[in-house]
Amino acid sequence: MVLHAINTATAFVATWARFGLGSRVSALGPRPEKPLEVYEFEGCPFCRKVREALTVLDLPVVVHPCPKGPSRYRAWVIENGGKRMFPYLVDPNTDTAMYESGDIVRYLFRTYGAGRRPFLLASGPIGNFSSQMASLPRLGRGTFYRGTVEPEQLLELYSYEASPYCRLVREVLSELGLPYLLHNVARGSRARQAFVARSGKMQVPYLVDPNTDTALFESGAIIAYLRGTYRA
Ligand SMILES: N[C@@H](CCC(=O)N[C@@H](CS)C(=O)NCC(=O)O)C(=O)O
């Protein structure tokens, strides 16, 4: 209980360090037919920039967590991309695959946006520094692999990047190496209506696990569920 409160408070600090970037949607361009795929880990400041861009551009994405350690997607990236570097984006809609957070953010806004990149995503060094500062209070959470059980089907998470409660859940998904379909539902998201129709209310995080026929709100409950189910 106390630990969850401390975690939530430090997750809030991370959001403030980015001035709330990733809490609302900006001008949108064309929509992809298939979800994008990203290989990343929650504790990585460069990966945060990509997740922010995906939220701001209201894009669904399959997240393949690549925490440090023997996570299978980390090995996949090294084999397919040629380098051990994260984030790595795969866009099946345009047959594109790329490293480098700055290039990925530029690509996303060029392909799926209709406006300018927010300052913290456009300014290289300042944006990177602020993202590194945002990672500090979380003390490396979401960086190291602690997974044991591989689910058969993809989990689904409704979230948006700036939400501190969602951050706590994404950290655990990352550490457990669990892949999931991330539905970004920031303010102004076109996906909100369908989300409320599915879940009954507008509240994130919301986890759906088709492997156990489970769906639940509340970060604390979701984290307990994930650890109980996927950390043998
Ligand atoms: N310039 C790259 C830097 C990426 C980078 O340094 N990523 C770190 C993680 S934060 C990494 O891949 N480290 C290797 C590892 O995790 O093994 C970018 O902006 O994408």
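**Entry 1. Burial, and a residue with positive phi**

I call a residue buried when its relative accessible area is under 20%, and exposed when that area is over 50%. The model I am reading is a predicted one.

I applied the cut-off first to D58. Its relative accessible area is 8%, so D58 is buried. I located D58 in the loop between α2 and β2 (61-65). I then looked up its backbone and found phi near 60°, a positive value in a residue other than glycine. Most residues other than glycine have a negative phi.

I noted a second case of this kind at D95, where phi is near 55°. D95 belongs to the loop between β3 and β4 (96-98). Is D95 buried or exposed? I found a relative accessible area of 75% for D95, so it counts as exposed.

**Entry 2. Cis peptide bonds**

I turned next to the peptide bonds. Most peptide bonds are trans. I recorded a cis bond joining F86 and P87, with omega about 10°. P87 is in the loop between α3 (72-81) and β3 (88-91).

I recorded another cis bond from V204 to P205, with omega near 5°. P205 is placed in the loop between α8 (192-199) and β7.

**Entry 3. Helices α2 and α4**

I examined how helix α2 (residues 45-56) packs with helix α4 (residues 101-112). Their axes are 9 Å apart, and the angle is about 5°. Angles under 35 degrees count as roughly parallel, so α2 is roughly parallel to α4.

I listed the residues that meet. From α2 they are F46, K49, V50, A53, L54 and V56, and from α4 they are S101, G102, I104, V105, L108 and F109. By class, I read nine nonpolar, two polar and one charged residue in the contact of α2 with α4.

**Entry 4. Helices α7 and α9**

I looked up another helix pair, α7 (residues 164-175) and α9 (residues 219-230). Their axes come within 9 Å and cross at roughly 5°. The crossing angle therefore makes α7 roughly parallel to α9.

I noted that α7 contributes Y165, L168, V169, V172, L173 and E175 to the contact, while α9 contributes S219, I222, I223, L226 and R227. The contact of α7 with α9 holds eight nonpolar, one polar and two charged residues.

**Entry 5. I222**

I followed I222, which lies in helix α9. Its relative accessible area is 0%, so I222 is buried. Which residues does I222 contact, leaving aside its neighbours within four places in sequence? I found V169, P205, Y206, L207, L216 and F217. The list includes P205, which I had met at the cis bond from V204, and V169, which belongs to the α7 side of the helix contact.

I also checked I222 against C166. They are 56 residues apart in sequence, and their C-alpha atoms are 9.9 Å apart in space.

**Entry 6. Aromatic rings**

I searched the whole structure for aromatic pairs and obtained 12. A pair of aromatic rings is described by the distance of the centres and the angle of the planes. For Y206 and F217 I read 4.5 Å centre to centre and 40° between the planes, a tilted pair. Y206 is in strand β7 (residues 206-209) and F217 in strand β8 (residues 214-217), 11 residues apart.

I checked the burial of each partner. Y206 has a relative accessible area of 7%, so it is buried. F217, at 18% relative accessibility, also counts as buried, because the cut-off is 20%. Over the ring of F217 I found the charged end of K201, 4.6 Å from its centre.

I noted one aromatic cluster formed by Y39, Y73, W76, Y88 and Y99. The charged end of K83 sits over the ring of Y99, 4.8 Å from the ring centre.

**Entry 7. S71**

I closed with S71, in the loop between β2 and α3. Its relative accessible area is 4%, so S71 is buried. Not counting residues up to four places away in sequence, S71 touches P65, C66 and Y145. I compared its position with that of G82: the two are 11 residues apart in sequence and 16 Å apart in space, C-alpha to C-alpha.

Definitions and conventions. Residues numbered from 1 in each chain as written. Predicted model: local features only at pLDDT ≥ 70, side-chain atom pairs only at ≥ 80, totals over all residues. Heavy atoms only, no water. Axes fitted to C-alpha atoms, helices over the stretch in contact; angles between N-to-C directions. Helix = DSSP H or I, 4+ residues; strand = E, 2+ residues; numbered from the N terminus. Parallel < 35°, antiparallel > 145°, perpendicular 65-115°, else oblique. Contact = heavy atoms within 4.5 Å. Nonpolar A, V, L, I, M, F, W, Y, C, P; charged D, E, K, R; others polar. Phe/Tyr/Trp six-rings, centres within 6.5 Å; stacked < 30°, edge-to-face > 60°. Buried < 20%, exposed > 50% of the residue type's maximum accessible area, 1.4 Å probe, protein only. Lys NZ or Arg CZ within 6 Å of the ring centre and 35° of its normal.
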